[in-house]
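This report describes one protein chain. Confidence comes first, followed by strand pairing, the main pocket and charged pairs.

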Amino acid sequence: MSHHDGAADDASAEPLFVVQRYPSQHMVARWIGILFMVGAVVLAASEIIEQDRLAYIGVTVWLTTLGGLGAIIFFFALSLGRARVLVFDDHLVVRSGRRRARVVPASDIAELAALTSGRLRGRDARGRTLFEVMSVYRGFSAFTSWLQAKTPRQWAEMTDSSLG
C-alpha cells in the first residue's frame with residue numbers, strides 16, 4: 001500500500017475533531033467581495049448611461065479597481081473557508097485554502113510557536129510550517145489539549161519561551 005492510499009483512507013475516517021474558522025468569519029468577507037463587484041458594475045453602468053465621451057475610462061476604472069478588489073476578496077474568502085485541520089489520534093490532515101491536503105504525523109511536529117494575535121504554529125525539524133491556527137477557531141481548545149498530550153516536549157518549550 002502506498003503512502004497516498006493511506007492518505008485517502010484518512011480522509012474517509014472520522015477525525016476526533018476539526019479546527020477551522022467559524023463560517024461567519026469567511027462568509028462576511030465573501031459578501032464584502034460580492035458587494036464590491038456589484039458596486040463596480042453599478043458604477044460602470046451609470047457611467048455608460050451618462051454617455052460621456054470619457055465614460056469608457058470611468059467604466060474601465062470602476063471595473064478594474066473596485067471589481068478587481070472585490071474578486072480578490074471573494075476568492076481569498078473562499079480559500080479561507082476551505083482551510084482546516086482534521087485531528088486524528090496520531091496525526092493531522094492539514095488543508096490550506098491553496099494547497100492539497102497533507103498528512104502530518106504528530107511525530108513530525110518538532111516545534112510549536114505562540115505568535116501574536118492568538119496564533120499557534122507548528123513546524124517540522126527543517127523549519128517548514130506544518131499548520132497555523134488561531135485561538136478564535138472552532139476546536140482550538142481541543143487542539144491545544146491534543147498538542148499537550150501528543151507533543152509534550154514541544155508544548156513545554158513553547159510555553160517556557162512565551163513566558164520568558
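## Confidence

pLDDT is the predictor's confidence in each residue, on a scale from 0 to 100. The model is predicted, and the mean pLDDT of the protein chain is 83. A value of 70 or more is reached by 89% of the residues.

Confidence is lowest in helix α1 (residues 3–12), where the mean is 46. At the other end of the range, helix α4 (residues 140–150) has the highest value, 94. Over residues 1–11 the pLDDT stays under 50, and for this stretch the model has 9 contacts beyond four places in sequence.

## Strands β5, β6 and β7

Strand β6 (residues 119–123) pairs with strand β5 (residues 111–114) through 4 bridges, and the two run antiparallel. One bridge partner in β6 is Arg-121, which is matched with Ala-113. The two strands form a hairpin with 4 residues between them. In the turn, Ser-117 has a positive phi of about 55 degrees.

β6 is also joined to β7, by 5 bridges, again in an antiparallel arrangement. Here Leu-120 stands opposite Val-133 in β7. This pair of strands forms a hairpin as well, with 5 residues between them. Gly-127, in the turn of the β6–β7 hairpin, has a positive phi of about 90 degrees.

## The largest pocket

The largest pocket holds about 510 Å³ of space, and 24 residues line it. Nearest its centre lie Arg-21, Ala-83, Ser-96, Arg-98 and Glu-132. The elements giving two or more residues to the lining are β1 (17–20), α3 (55–82), β2 (84–87), β3 (91–95) and β7 (129–134).

Of these elements, which gives the largest share of the lining? That is β7, with 6 residues. By type, the lining residues of the largest pocket divide into 11 nonpolar, 5 polar and 8 charged.

## Salt bridges

Side chains of opposite charge can pair when their charged atoms come close. With a cut-off of 4 Å between a side-chain nitrogen of Lys or Arg and a carboxyl oxygen of Asp or Glu, the count comes to 4 salt bridges.

One of them is formed by Lys-150 and Asp-89, whose closest N and O atoms are 3.4 Å apart. Lys-150 lies in helix α4 and Asp-89 in the loop between β2 and β3, so this salt bridge ties together parts that are 61 residues apart in sequence.

Key
Residues numbered from 1 in each chain as written. Predicted model: local features only at pLDDT ≥ 70, side-chain atom pairs only at ≥ 80, totals over all residues. Heavy atoms only, no water. Contact = heavy atoms within 4.5 Å. Pairing = 2+ DSSP bridges. 1 Å grid on protein atoms, 1.4 Å probe; cavity = no way out; pocket = protein on both sides within 12 Å on 5 of 7 lines; lining within 4 Å. Points joined across faces, edges and corners; volume = space filled by probe spheres on them. Nonpolar A, V, L, I, M, F, W, Y, C, P; charged D, E, K, R; others polar.
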